[in-house]
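Q: Hey, I'm new to this one. Can you walk me through it?
A: Sure, take a look here.

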Amino acid sequence: MITIVLDAGHGYNTAGKRTPDGQREWSMNSKVATYVEQKLAKYEGVQVRRVDDTTGAKDISLTERMKSVKAIMPDLFVSIHHNANTSTWGNWTGVEAYAHPLAPKVDKDLATKVAKYLSESTGLKNRGMKTADFQVLRQCPTSVPGILIEGGFMDSTIDHPVITSAAGQEKYADAIVKLIVEHFNLKRKAEEPVGTKMY
């Protein structure tokens, strides 16, 4: 069984983590994570775990989140975020993904691919793979590939209509699912033919 750990970054009430018109980053992150979980449920041999508070009420500390990751020891860790620049409206744009600077090549390859897939799926600019010493990446076990995704700018007049829409959030999820299905060579479950259920 392949285990994927998803981390919807921050909490609902985390200060500053919102669009200029007041939409919360956690809400967007969590909706993307939920779409990923729903879509992966259609594949064989994979399970999804969340290390954030799925109600958003509590902003679980990064240390606690990573303790959970170390206890689970998944096959992949994905932290889902949305970017911000000045917290006032502007025309900057794009998606990007991060790996830790000291991470194995596989982490950087996964980040490169998901940034590409996310750009293709949403139509937003591909800002590419970057490295950063983010705590969730630094504390991710070496044997667990870990990436952090920034799915567009919350304070961008270009990105905002995409990332705050259900369609845009589902496209974000599609990119993550594409990465996971490809990386682990997952197979879709056989669908039950219509009209064959026995009652």
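What follows is a quick chat about a helix, a couple of residues and the pockets of this predicted model.

Q: How far apart are the end C-alpha atoms of helix H6?
A: They are 27 Å apart. That agrees with the expected span, because 19 residues (166-184) at 1.5 Å a residue should cover 27 Å.

Q: And which of the H6 residues are buried?
A: Quite a list, including Tyr172, Ile176, Leu179 and Ile180.

Q: What do those buried residues pack against?
A: Strands S1, S3 and S6, plus helices H1, H3 and H5.

Q: What follows H6?
A: Asn185, with a positive phi near 55°. Asn185 counts as exposed, because its relative accessibility is 53% and the cut-off is over 50%.

Q: Why point out a positive phi?
A: Because most residues other than glycine have a negative one. His10 is another residue with a positive value, near 70°, and His10 sits in the loop between S1 and H1.

Q: Switching topic: how much space lies in the largest pocket?
A: About 300 Å³.

Q: Which residues lie nearest its centre?
A: His10, Lys17, Glu25, His81 and Glu150, out of 21 lining residues. So His10 from before turns up here too.

Q: Which element gives the most to that lining?
A: S3, with four residues. By class, the lining has six nonpolar, nine polar and six charged residues.

Q: What about the second largest pocket?
A: About 160 Å³ of space lies there. The lining includes His100, Asp107 and Arg138, and by class it has seven nonpolar, three polar and two charged residues.

Definitions and conventions: Residues are numbered from 1 along each chain as its sequence is written. This is a predicted model: local features need pLDDT of at least 70, side-chain atom pairs count only at pLDDT 80 or more; totals for chains, interfaces and linings use all residues. Side-chain values use heavy atoms; hydrogens and water are left out. Helices (H or I, at least four residues) and strands (E, at least two) are DSSP runs, numbered from the N terminus. The expected span of a helix is 1.5 Å times one less than its number of residues. Buried means under 20% relative accessible area, exposed over 50%, partly exposed in between (1.4 Å probe, protein chains only). Contact means heavy atoms within 4.5 Å. On a 1 Å grid over the protein atoms alone, a cavity is a set of points where a 1.4 Å probe fits but cannot get out, and a pocket is an open set with protein on both sides within 12 Å along at least five of seven lines; lining residues have an atom within 4 Å of a point. Grid points are joined across faces, edges and corners, and a volume is the space filled by probe spheres set on the points. Ala, Val, Leu, Ile, Met, Phe, Trp, Tyr, Cys and Pro count as nonpolar, Asp, Glu, Lys and Arg as charged, and the others, Gly among them, as polar.
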